[in-house]
Amino acid sequence: MEMRSSLGRARGLGSTKDGVGHWWAQRVTAIALVPLSIWFVFAAIGLMGADFATYQAWIGIFGNALMMVVLVLVLFYHAHLGMQVVIEDYVSGEACKIATLLVVKFVLFLLAASCVLAVFLVA
Amino acid sequence: MASRDRPLSPHIQVYRPQITSILSIVHRITGVALTMGTLLLTWWLVSAAYGPEAFETSQAFLGSWFGHLVLWGFAFATFYHLGNGVRHLAWDFGWGFEMPVLEKSGLVVVGFAVVCTLITLIAAYAAGGA
C-alpha cells in the first residue's frame with residue numbers, strides 16, 4: 001500500500017528537482033555581484049603593478065579585506081550555480097554528468113577556501 | 001526510459017543565428033570563461049600569502065603582454081556578463097520580451113561592455129599600471 005501522499009511523491013521529482021531555490025540563489029548572488037564586481041575592477045586597477053608591501057598595506061585595511069572576502073564567497077557561489085546549469089545542459093549521460101558536477105563543485109570550493117585563507121594570511 | 005524512437009526536436013544547425021541566440025550563448029561562454037578566470041584570481045591572492053617573491057612573480061605575469069591580454073579579456077567578459085546579467089534580471093521582472101526591445105537591449109549590452117572595457121583600459125594605463 002502506498003503510504004505517501006500525492007504531494008509527498010511529487011515533491012522534488014519535477015524536471016528541475018529543487019529548481020526554485022537554485023534560480024533564486026542565482027538571482028540574489030547576481031544582484032550582489034553588480035556592486036562587488038564594479039568594486040573589484042576599481043581595486044584591480046589600483047593594484048596593477050603594485051609591489052608586495054603596497055598590496056599588504058591595501059589588504060590590511062579592514063574594508064578592503066572584507067570586500068575581497070565577500071566578493072570571493074559570492075563570486076564562487078554564483079560561478080558554481082552557473083556551472084551547474086551549463087553542465088546539466090551539455091554533459092549527457094547521468095554518470096558523466098554527476099562526476100563532472102562533483103569535480104567542479106569540489107574544485108570551486110577549494111579555490112574559494114584558498115582565496116579566503118590567502119586574504120586572512122596577508123591582511 | 002526508452003528514448004530511441006522518439007522524435008528529435010529541430011537541432012541547432014537548422015536555426016539561423018540571431019542576435020538573441022548569439023548573445024545568449026556568449027553569456028554562457030563568458031560565464032564559463034570568468035569561472036576559469038577565478039583560477040587567476042586565486043593564484044594572485046594565494047601568491048601574496050606565499051610571500052613577496054611569489055607575489056612579484058604573479059604580478060610580473062599580469063604585467064606581461066600576455067597577462068595584459070588575459071586581463072583585457074577578463075574585463076570584457078566581466079562587463080558583458082554584468083550587463084547581460086542585468087538584462088536577465090529585467091526579464092525576470094517581465095520587462096523587455098518584445099522582439100524589437102530584445103534586439104535593442106542586446107545591442108545596448110554589447111555597447112556597454114565595449115565602452116566599459118575601453119574606459120577600464122584607459123583608466124588602468126593612465127593610473128600607470130602598465
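**Exercise 1.** In this predicted model, find which residue forms a salt bridge with Asp92(B), and state where the two partners lie.

*Solution.* Step 1: Asp92(B) pairs with Arg27(A), and the closest N and O atoms are 2.7 Å apart. Step 2: a salt bridge requires a side-chain nitrogen of Lys or Arg within 4 Å of a carboxyl oxygen of Asp or Glu, and 2.7 Å satisfies that. Step 3: the pair crosses between chains, running from helix α3 of chain B, which holds Asp92(B), to helix α2 of chain A, which holds Arg27(A).

**Exercise 2.** Classify Asp92(B) and Arg27(A) as buried, partly exposed or exposed.

*Solution.* Step 1: buried means under 20% relative accessible area, exposed means over 50%, and partly exposed lies in between. Step 2: Asp92(B) has 31%, so this residue is partly exposed. Step 3: Arg27(A) has 15%, so this residue counts as buried.

**Exercise 3.** Describe the salt bridge of Asp89(A) in the same manner.

*Solution.* Step 1: the partner is Arg28(B), with the closest N and O atoms 2.8 Å apart. Step 2: Asp89(A) is in helix α4 of chain A and Arg28(B) is in helix α1 of chain B, so this pair joins two chains. Step 3: Asp89(A), at a relative accessible area of 47%, is partly exposed. Arg28(B), at 24%, is also partly exposed.

Step 4: the count between chain B and chain A is 2 salt bridges, and a search of the whole structure also finds 2 over all chains.

**Exercise 4.** Describe the contact between chain B and chain A by residues, area and class.

*Solution.* Step 1: chain B gives 31 residues and chain A gives 36. Step 2: the two chains bury about 2800 Å² between them, with 78% of it on carbon and sulfur atoms. Step 3: of the area that chain B buries against chain A, 19% comes from Arg28(B), Leu41(B) and Leu45(B), more than from any other three residues. Step 4: 6 residue pairs are in polar contact across the interface. Step 5: on the side of chain B that touches chain A, α1(B) gives the most, with 13 residues. Step 6: by class, that side has 18 nonpolar, 10 polar and 3 charged residues.

**Exercise 5.** Identify the residues with the most contacts inside the largest nonpolar core, and the helices that supply this core.

*Solution.* Step 1: the core has 37 residues, and those with the most contacts inside it are Tyr55(A), Trp58(A), Ile59(A), Met68(A), Trp44(B) and Leu45(B). Step 2: α2, α3, α4 and α5 of chain A, together with α1 and α2 of chain B, each supply at least two residues. Step 3: a second, separate core of 11 residues includes Leu23(B) and Ala75(B).

Key
Residues numbered from 1 in each chain as written. Chains lettered and ligands numbered in written order. Predicted model: local features only at pLDDT ≥ 70, side-chain atom pairs only at ≥ 80, totals over all residues. Heavy atoms only, no water. Contact = heavy atoms within 4.5 Å. Buried area = accessible area lost by both parts, 1.4 Å probe. Polar contact = N/O pair within 3.5 Å; in protein donor to acceptor, adjacent residues only side chain to side chain. Helix = DSSP H or I, 4+ residues; strand = E, 2+ residues; numbered from the N terminus. Nonpolar A, V, L, I, M, F, W, Y, C, P; charged D, E, K, R; others polar. Core = buried A, V, L, I, M, F, W, Y, C linked by side-chain atoms within 4.5 Å. Buried < 20%, exposed > 50% of the residue type's maximum accessible area, 1.4 Å probe, protein only.
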